[in-house]
Amino acid sequence: MDTDQMHKKPKVILITGVSRGCGRAMAEEFIRLGHVVAGCSRSEMEIARLQKQFAAPNDFAVVDVSLDAPVAAWAGRVLKSPGPPDLLVNNAGRINRNAPLWEVGAQEFAEVVGANLSGPANVIRHFVPGMVKRRSGVIVNFSSGWGRSTSAEVAPYCATKWAIEGLTQALAQELPPGMAAVPLNPGIINTDMLRSCFGGSAAGYPTPEEWAKVAVPFLLNLGAADNGRPVTVPVRGAQD
Ligand SMILES: NC(=O)c1ccc[n+]([C@@H]2O[C@H](COP(=O)([O-])OP(=O)(O)OC[C@H]3O[C@@H](n4cnc5c(N)ncnc54)[C@H](OP(=O)(O)O)[C@@H]3O)[C@@H](O)[C@H]2O)c1
């Protein structure tokens with residue numbers, strides 16, 4: 001553990017999409033700083049690894065966030081222990097294979113919408129009532145530079161990230177005082193997702209572990225004053 005973060009009260013952090021990339025790096029960094037992480041993804045093998053690596057009260061589960069019923073069951077368990085999240089991070093996401101919109105099949109389109117838009121809505125539906133009851137907590141919905149700009153060949157992804165910006169700002173207007181919901185542009189990070197859309201040039205961007213050293217303290221500092229404010233992790237290459 002390091003600096004002033006280790007002297008603060010441990011928080012319960014909920015993160016979706018912890019099997020790799022940004023989600024995995026955030027989970028490891030939050031735990032290193034002394035916080036408790038409840039995380040999910042679909043990969044059974046990676047979830048088993050995390051369960052072995054990090055003991056209770058950390059909690060890792062195989063959950064597909066695009067499906068309402070498994071999210072409901074997961075929330076029922078996590079809200080009892082380790083308890084309602086202080087920080088809920090809707091990180092899990094998918095991108096379409098680079099292609100013009102008219103070449104993206106209906107199933108692939110639905111999968112991108114399922115992970116990036118229905119997923120956060122399912123998680124909010126089942127976790128946020130427990131946070132509202134306590135009238136505290138911050139909800140961070142992962143957007144993208146492509147939630148505030150567009151590029152060719154990633155239209156389904158852009159559509160979901162522009163939607164998450166609107167969904168989050170409307171949610172911010174519904175929360176009681178003391179809580180916050182923010183759409184977050186994480187910057188550009190060298191993950192599987194970035195390699196899928198950027199190819200070889202992804203190598204020029206920070207690793208998830210480098211990024212998490214900046215992103216995690218940034219997330220821990222978000223509070224009620226940020227409600228409804230589109231935010232951006234202050235890393236190289238990130239633009240508001
Ligand atoms: N990398 C970047 O430069 C960048 C830039 C802007 C925004 N973002 C956003 O940042 C977030 C993380 O991206 P990343 O680059 O870390 O992606 P990544 O390396 O592809 O990781 C995506 C994670 O989401 C999980 N996931 C996908 N679909 C899921 C589902 N239906 N249910 C549960 N988990 C699911 C994956 O796990 P399983 O496959 O095991 O389920 C994986 O852990 C995403 O929201 C992305 O849009 C990334």
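These legends describe close-up views of a predicted model.

**View A. The open sheet.** Seven strands form an open sheet with parallel pairing. Their order is 3-2-1-4-5-6-7. Strand 3 (59-62) and strand 7 (231-232) stand at the edges. Each of these two has a single partner strand, so one of its sides is left without a neighbour in the sheet.

**View B. Strand 4 beside strand 5.** Strand 4 covers residues 87-90, and strand 5 covers residues 137-142. The two strands run parallel. They are joined by 4 bridges. Val 89 has its bridge partner in strand 5: Val 140.

**View C. The ligand in its pocket.** The ligand sits in the largest pocket. Three elements each give two or more residues to the shell around the ligand: helix 1 (21-32), helix 5 (155-174) and helix 6 (192-198). Helix 6 gives the most, with 3 residues. In total, 30 residues surround the ligand. The closest are Ser 19, Arg 42, Asn 91, Tyr 157 and Thr 191. Sorted by class, the shell holds 13 nonpolar, 11 polar and 6 charged residues.

**View D. Contacts to ligand oxygen.** Ser 19 uses its side chain here: an N or O atom of that side chain is 2.8 Å from an oxygen atom of the ligand. Cys 22 uses its backbone instead, with an N or O atom 2.8 Å from an oxygen atom of the ligand. Ser 43 also offers a polar backbone atom, 3.0 Å from an oxygen atom of the ligand. Taken alone, the ligand exposes 890 Å². The protein buries 96% of that area.

**View E. Two cis peptide bonds before proline.** Most peptide bonds are trans. Ala 56 and Pro 57 are joined by a cis bond, with omega about 10°. Pro 57 lies in the loop between helix 2 (44-53) and strand 3. Ser 81 and Pro 82 are likewise joined by a cis peptide bond, and omega is about 10° there. Pro 82 has its place in the loop between helix 3 (68-80) and strand 4.

**View F. A positive phi at Arg 135.** Most residues other than glycine have a negative phi. Arg 135 is not a glycine, yet its phi is positive, near 55°. Arg 135 lies in the loop between helix 4 (106-134) and strand 5. Strand 5 is also the strand that pairs with strand 4 in View B, through 4 bridges.

Methods. Residues are numbered from 1 along each chain as its sequence is written. This is a predicted model: local features need pLDDT of at least 70, side-chain atom pairs count only at pLDDT 80 or more; totals for chains, interfaces and linings use all residues. Side-chain values use heavy atoms; hydrogens and water are left out. Two strands pair if DSSP finds at least two bridges between them. A residue is near a molecule or strand if one of its heavy atoms lies within 4 Å of it. A polar contact is a pair of N or O atoms within 3.5 Å; within protein, one must be able to donate a hydrogen and the other to accept it, and residues adjacent in sequence count only if both atoms are side-chain atoms. Accessible areas come from the Shrake-Rupley method with a 1.4 Å probe; for residues, only the protein chains shown count as cover. On a 1 Å grid over the protein atoms alone, a cavity is a set of points where a 1.4 Å probe fits but cannot get out, and a pocket is an open set with protein on both sides within 12 Å along at least five of seven lines; lining residues have an atom within 4 Å of a point. A molecule sits in a cavity or pocket if more than half of its atoms lie within 2 Å of its grid points. Ala, Val, Leu, Ile, Met, Phe, Trp, Tyr, Cys and Pro count as nonpolar, Asp, Glu, Lys and Arg as charged, and the others, Gly among them, as polar.
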